[in-house]
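Colleague: I am new to reading protein models, and I would like to learn how to go through one feature at a time. Could you show me the structure and then take my questions in turn?

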Amino acid sequence: MKIIVCLKQVASRDAILRVNTASNWIQESDISFEVNEPDIYALEEGLRLKEKQGGEVVVCTLGPARATQAIKEALAKGADRALHLDDTAFANLDAHGTAQALAAAIRRENPDLVLTGLQSDDFGFAQTGVILAEMLGLPHSTASKTDRAGSGARRRGAQAAPGHLPRLRPEEERTSRVYRRQSKRNRRAAGR
Amino acid sequence: MADEILVYAEHQEGKLARPAWEAVAAAQHLAGDFGGSCIAAIVGKNIGSLAGELAGAGLQEVLTVESPQLAEYTADGYSLALRQVIEQRQPRFVVFSHTYQVRDFAPRLAASLDRALIGDALGYRHEGERAIFVRQVFQGKFSADVEFTGKPPYFISFQAGAFREDSVQRGSAQAKITAVEIAIPAEAIRTRPQEKFREAKQAVDLSQAEVIVAVGRGIKKPENLELVKKLAEALGAELGASRPICDSGWLPMDRQIGSSGQTVAPKLYVALGISGAIQHQVGMKGSRTVVAVNKDREAPIFEISTYGIADDLFEIVPPLIEEIKKAKAG
């Protein structure tokens with residue numbers, strides 16, 4: 001079984017974030033990055049499936065050069081191979097654009113199963129996996145939890161119709177400005 | 001008909017629930033700012049009475065989208081059905097409430113028409129002809145302005161509570177109900193829903209609690225929950241949590257407070273390490289006194305807190321427990 005796990009690198013949860021000078025993203029210098037937590041769940045599930053059924057786990061990451069660190073961590077955890085999609089055109093893509101790039105890479109791999117995290121800690125679209133399924137022409141199931149003993153709730157159960165393996169499990173707009181939510185107190189202090 | 005605003009009216013267990021009405025309210029709001037008429041689509045099987053109920057709201061038209069293949073929700077079926085509706089009507093906006101179901105199929109629907117979905121918006125601003133949507137990024141630490149750059153239809157889902165159910169304008173007459181012709185081949189449905197289940201029976205009713213100590217992601221590790229439990233014990237409080245804590249299984253689902261959990265209104269609400277995203281706020285903003293402890297002084301929880309402590313909860317809570325014990329003993 002060939003399993004693709006989509007994995008993204010995001011700012012660390014503990015990082016102190018500041019808006020960049022262009023006010024369209026955060027300042028990425030001087031902060032640490034980590035693997036997006038929901039994607040770690042996807043990777044762990046992929047590795048468990050591989051252990052049980054054999055096969056291969058291929059990590060697919062879209063991101064700049066710094067994302068190699070995330071890829072290394074995934075390989076250290078037991079992934080067999082990785083695809084790194086790196087191009088300046090990929091900076092701050094929306095979910096649609098990200099899914100397009102991922103789909104182009106994943107199509108060539110012809111996997112049996114694609115796993116993604118539910119959403120990312122930065123944009124938080126919670127869409128990329130679903131769009132990816134549409135682009136690959138595959139069914140999907142979101143917010144999945146597998147039925148392992150003691151694993152807790154599944155939010156929704158979906159089972160493949162005969163002959164179809166549900167192959168994707170996730171997880172043209174522009175972000176013009178990113179800013180701190182201003183509290184009423186701050187607005188008063190600023191004289192507004 | 002390019003100026004129509006199409007509302008997706010979700011129904012749950014045979015009823016039109018809050019998300020449907022909130023989406024209607026959002027669409028009416030958009031129509032007020034950008035013009036156009038609101039129409040609503042309801043998808044399923046045997047939905048005539050729901051369509052009738054919907055027709056009482058101030059809508060131009062209610063579209064029923066029925067097929068035996070749509071008797072049960074599937075992402076494949078619903079996105080294929082609505083895609084045909086959108087192709088026929090060519091609306092300018094397609095408006096959803098950001099529910100679990102919408103998260104499941106709306107990105108797929110938009111992508112099938114080569115469009116983007118702006119998901120989970122808190123609201124929008126109207127600047128000339130531009131609609132600038134606001135959504136939270138970095139887990140609520142920042143907001144972002146987002147605009148569509150391509151051609152309509154524009155797909156947009158709004159967060160629970162972004163528009164109020166009670167702001168829906170009622171119509172003076174019943175809207176026209178139209179059945180939309182669609183075709184869904186059986187093989188287009190590639191998943192089969194299994195039995196529905198709810199993991200946790202509502203074993204704990206937090207809605208009646210007078211004091212609640214709630215904990216969020218700031219607690220970092222499940223082992224650290226002991227500290228929070230001690231504070232709850234000292235205060236004689238019930239324990240609550242934000243969604244990430246319950247999703248991670250650190251506390252049972254019936255402790256969750258917010259839009260997908262319980263709604264509470266205690267006399268005292270202590271929020272520890274909770275950033276206070278709107279989904280959490282809608283579940284606790286009725287609390288009389290809110291005490292918030294969060295390292296991030298910009299956290300939205302401070303906007304609605306009576307007392308705010310912008311500091312590390314691991315520094316604040318232990319001496320607080322001691323002081324409460326002392327005060328109680330004295």
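**Reading a predicted model, feature by feature**

Modeller: Let us begin with a single residue, Pro107(B), which sits in helix α4 of chain B. Please keep in mind throughout that this is a predicted model.

Colleague: Is Pro107(B) buried or exposed?

Modeller: The idea is to count the C-beta atoms around a residue, and 20 or more others within 10 Å make it buried. Pro107(B) has 33 C-beta neighbours inside 10 Å, and therefore it counts as buried.

Colleague: Which residues does Pro107(B) touch, if those up to four places away in sequence are not counted?

Modeller: Pro107(B) touches Ala95(A), Gln127(A), Val130(A) and Ile131(A) in chain A, together with Leu117(B) in its own chain. As for Leu313(B), which is 206 residues from Pro107(B) along the chain, the C-alpha atoms of the two are separated by 38 Å.

Colleague: Some of those contacts are in chain A, so how many helices and strands does chain A have?

Modeller: Chain A has five helices and nine strands, and when they are read along the sequence they follow the pattern β-β-β-α-β-α-β-α-β-α-β-β-β-α. Of the 192 residues in chain A, buried residues make up 38%.

Colleague: How should I describe two helices that pack together?

Modeller: Two packed helices are described by the angle between their axes and by the distance between those axes. In chain A, the axes of helix α3 (residues 95-109) and helix α4 (residues 128-136) come within 8 Å and cross at roughly 50°, so α3(A) and α4(A) are oblique to each other. The crossing in which α3(A) passes α4(A) is right-handed. Among the residues that meet there are Ala95(A), Ala99(A) and Leu102(A) from α3(A), and Ile131(A), Leu132(A) and Met135(A) from α4(A).

Colleague: And at what angle do α5(B) and α8(B) pack?

Modeller: Helix α5(B) and helix α8 (residues 313-329) of chain B pack at an angle of about 20°, with their axes 9 Å apart, and α5(B) and α8(B) are therefore roughly parallel to each other. In this case α5(B) passes α8(B) in a left-handed crossing. On the α5(B) side the residues that meet the other helix include Leu227(B), Leu231(B) and Leu235(B), while the α8(B) side includes Val317(B), Leu320(B) and Ile324(B).

Colleague: Which strands does helix α5 of chain B lie across?

Modeller: Helix α5 (residues 225-235) of chain B lies across β13 (211-215), β14 and β15 of chain B, and it runs at about 170° to β13(B). These strands belong to an open sheet of five strands in chain B, with parallel pairing and the order β14-β13-β15-β16-β17. Its edge strands are β14 (238-241) and β17 (307-309) of chain B, each of which pairs on one side only, and the twist averages 15° from one strand to the next. To follow one pairing inside the sheet, take β15 (residues 268-272) and β16 (residues 289-293) of chain B, which pair in the parallel sense over five bridges; there Tyr269(B) stands opposite Val290(B) in β16(B).

Colleague: What is the general idea behind a nonpolar core?

Modeller: In soluble globular proteins, nonpolar side chains tend to be buried together. The largest nonpolar core here has 101 residues, and those that touch the most other members are Val5(A), Val7(B), Ala40(B), Ala41(B) and Val95(B). Helix α1 (residues 18-34) of chain B gives the most to this core, with nine residues. A second, separate core of 34 residues includes Val228(B) and Val264(B), as well as Tyr269(B) and Val290(B).

Colleague: What should I look for in the backbone itself?

Modeller: Most residues other than glycine have a negative phi, and most peptide bonds are trans. Asp30(A), by contrast, has a positive phi near 65° and lies in the loop between β2 (9-11) and β3 (33-35) of chain A. Asp114(B) has a positive phi too, of about 60°, and is found in the loop between α4 (100-112) and β7 (117-127) of chain B.

Colleague: Why do Asp30(A) and Asp114(B) count as exposed?

Modeller: A residue is exposed if 12 or fewer other C-beta atoms lie within 10 Å of its own. Asp30(A) counts as exposed because it has 8 such neighbours, and Asp114(B) counts as exposed because it has 12.

Colleague: Where is there a cis peptide bond?

Modeller: The peptide bond from Pro152(B) to Pro153(B) is cis, with omega near 5°, and Pro153(B) is found in the loop between β9 (142-148) and β10 (154-158) of chain B.

Key
Residues numbered from 1 in each chain as written. Chains lettered and ligands numbered in written order. Predicted model: local features only at pLDDT ≥ 70, side-chain atom pairs only at ≥ 80, totals over all residues. Helix = DSSP H or I, 4+ residues; strand = E, 2+ residues; numbered from the N terminus. Pairing = 2+ DSSP bridges. Axes fitted to C-alpha atoms, helices over the stretch in contact; angles between N-to-C directions. Contact = placed C-beta atoms within 7 Å. Core = buried A, V, L, I, M, F, W, Y, C linked by C-beta atoms within 7 Å. Parallel < 35°, antiparallel > 145°, perpendicular 65-115°, else oblique. Left-handed = near helix turned anticlockwise from the far one by under 90°.
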